[in-house]
Amino acid sequence: MCRKLEKARSVLHTAGDIEVGQTPCEILHETRAYRLLHYQQMVSKTDKTPILVVYALINKSYVLDLQPDKSWVRSLLSQGFDVYLLDWKTPTTADKYVSFDDYVNEYLNDCVDIVLKKTKTDKLTLHGYCMGASMSVMYTTLYQEKVRNLAVIAPVIDAEKDTTVIGNLAKNMDVNKMLYVIGNLPVEQLYSCYSVLKPFKQGVNKYFNLVQNIDNDQFVGNFLRIEKWLYDTPPIAGETFRQWILDIYQKNLLVKNEFKLGDELIDLTKIKVPLLNIVADEDHLVSQQCSAPLNDMVSSTDKRLMRFHTGHVGLIASLYSQNNVLPKVGQWLKARSQ
Amino acid sequence: MYNFWAEVLKMPTIGPMYAFSKDLGAYANDFMNLGKIMCELKIRNDNYWALVNAAYARAIKDTAERAPKQFLTKDDFENYRRAAIEAFEDVFTDLFSSSEFSAAYGNLFSAQLDFSRALQGIAEKNLKVLNMPTRGEVDEMLKDIHELKKNVRELKKSIEMIKNDRSRSATT
């Protein structure tokens, strides 16, 4: 037991060195706010409709390419899709007033235009995860002519129906005061939010499991990659976080079709493109009750809600995801790609 | 005697003590305000930890009820660990999902921000002598820069639209 404890202690110190995001890619475009990555094709013939994956503003995007056998990106590539990823950079104090208007109308829109120009197509598949899914939905209401399909994973849509601890904590946060006093949401505040999510099953028990399985290299590798991702958290731009909590969680404006990006109203009923909404019934970060209403809000005739028996991260970075989620997602996308 | 000193304090001063006496009232107010904020922070902190401690006590009680009553084999210890994890998880998840905790957490967060804001105000006043831009001034600059970037974006969009319209009308 002492040997295992000592080995676990030394292994945890190496979590930062473990390799993640190893699928080969090139940086197509880079600004102060983001990098647009283009992944190297894995098959000789790919579908004409490119996929632009829009990651969230919380933690880092390499969770979508954590390791070769659990990589969401790699699976899409092996199914013959042309995959691009919008990888957000760390906001600085100068980005205090960057809002969803900037993220959607400038950064995301620029990336869409770059992808369309590179692939010489006029529409792409927008594929967002979590907050990135909400941004993809906002984008589609305004720029639908550039979107062939909208495939979203765990979007935050109807926050009033959210049953998670995160949704509960958000109800009473004074984000106006936060923006004024400290600007960007600091990393420490995010960690304190994480600490209340499954505090003992994930916060404590996982370390017991690590010690018990310390001699299993595969287990340890998987553990360290997730651990690295969990604690690799950038701050969130102040105004963006203020809108996220006040407008989307507290006032629930997105589902009421009253959320504004700059001067433009986001009206979900305007969405007519094919919609795939992927939710997890054990999601403790964005409950399925919060995500599922999107299908009732849009005007799309071709729409599908896929529910899976897993959690928020399990939905995109697990063997379950590889074996159960991705084949169905790939099938749906293939049927609607050129 | 008190009235005599009250009158002395009201007298105008000269030389190096002038600046100090001029701002003394403001400094005194700042520190009194800080004291009030610290009291409020302590109350809200105590409320927060009262909830957490109550949950902890409930979790300990639940663990005792669910745990095995004897510790003879390795499995008994393993079952105790499982019972403890489940009991703590259930109790604390109930706590963190409650409206009471949400209010306490929100109030504590707000009080912490009030405390930071008060300290920032005092620091800003005392560092005026360094002749550096204040936080408020930098904030205004950030707002202006952000607004300018937005305007440039709008202008670029308009120019792009005009160029497209012109090339379309040139081809027709």
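## A buried strand in chain A

A residue counts as buried if 20 or more other C-beta atoms lie within 10 Å of its own, with C-beta atoms placed from the backbone. In this predicted model, strand 4 (residues 83-88) of chain A meets that test along its length: six of its six residues are buried, so the strand is largely enclosed by the rest of the structure.

In a regular strand the side chains alternate between the two faces of the sheet. Both faces of strand 4 of chain A are covered. One side carries A:V83, A:L85 and A:D87, and the other carries A:Y84, A:L86 and A:W88; all are buried.

## Partners of strand 4

Strand 2 (residues 34-39) of chain A runs antiparallel to strand 4 of chain A, and five bridges join the two. Here A:H38 has A:Y84 as its bridge partner.

Strand 3 of chain A runs parallel to strand 4 of chain A, with four bridges between them. A:L52 is also bridged to A:Y84. Strand 3, helix 2 (residues 72-78) and strand 4 of chain A make up a right-handed β-α-β unit.

## The whole sheet

Strand 4 belongs to an open sheet of eight strands in chain A, ordered 1-2-4-3-5-6-9-10, with mixed pairing. Which strands stand at the edges? They are strand 1 (25-30) and strand 10 (303-308) of chain A. Each has a single partner strand, so one side of each is left without a neighbour in the sheet. On average, neighbouring strands of this sheet are turned by 20° against each other, direction ignored.

## Strands 5 and 6, with helix 4

Strand 5 (residues 124-129) and strand 6 (residues 147-153) of chain A run parallel and are joined by six bridges. In strand 6, A:I153 is the bridge partner of A:Y129.

Helix 4 (residues 131-142) of chain A packs on the sheet. The helix touches strand 3 (51-54), strand 5 and strand 6 of chain A. Its direction makes about 145° with that of strand 5 of chain A.

## Contact between the chains

The contact takes 23 residues from chain A and 20 residues from chain B. On the chain A side, helix 5 (165-170), helix 6 (175-182) and helix 8 (205-212) each supply at least two residues. Helix 6 of chain A gives the most, with four residues. The chain A side divides into 13 nonpolar, three polar and seven charged residues.

## Domains of chain B

Chain B is divided into domain 1 (26-132) and domain 2 (133-172). The centres of these two domains of chain B, taken over C-alpha atoms, are separated by 45 Å.

How values were computed. Residues are numbered from 1 along each chain as its sequence is written. Chains are lettered from A and ligands numbered from 1 in the order in which they are written. This is a predicted model: local features need pLDDT of at least 70, side-chain atom pairs count only at pLDDT 80 or more; totals for chains, interfaces and linings use all residues. Two strands pair if DSSP finds at least two bridges between them. Axes are lines fitted to C-alpha atoms, for helices over the stretch in contact, and angles run from 0 to 180 degrees between N-to-C directions. Two residues are in contact if their C-beta atoms, placed from the backbone, lie within 7 Å. Ala, Val, Leu, Ile, Met, Phe, Trp, Tyr, Cys and Pro count as nonpolar, Asp, Glu, Lys and Arg as charged, and the others, Gly among them, as polar. Domain bounds come from an automatic or database domain assignment. A residue is buried if 20 or more other C-beta atoms lie within 10 Å of its own, exposed if 12 or fewer, and partly exposed in between; C-beta atoms are placed from the backbone. A crossover is right-handed if, with the strands pointing away from the viewer, the path from the first strand over the helix to the second runs clockwise.
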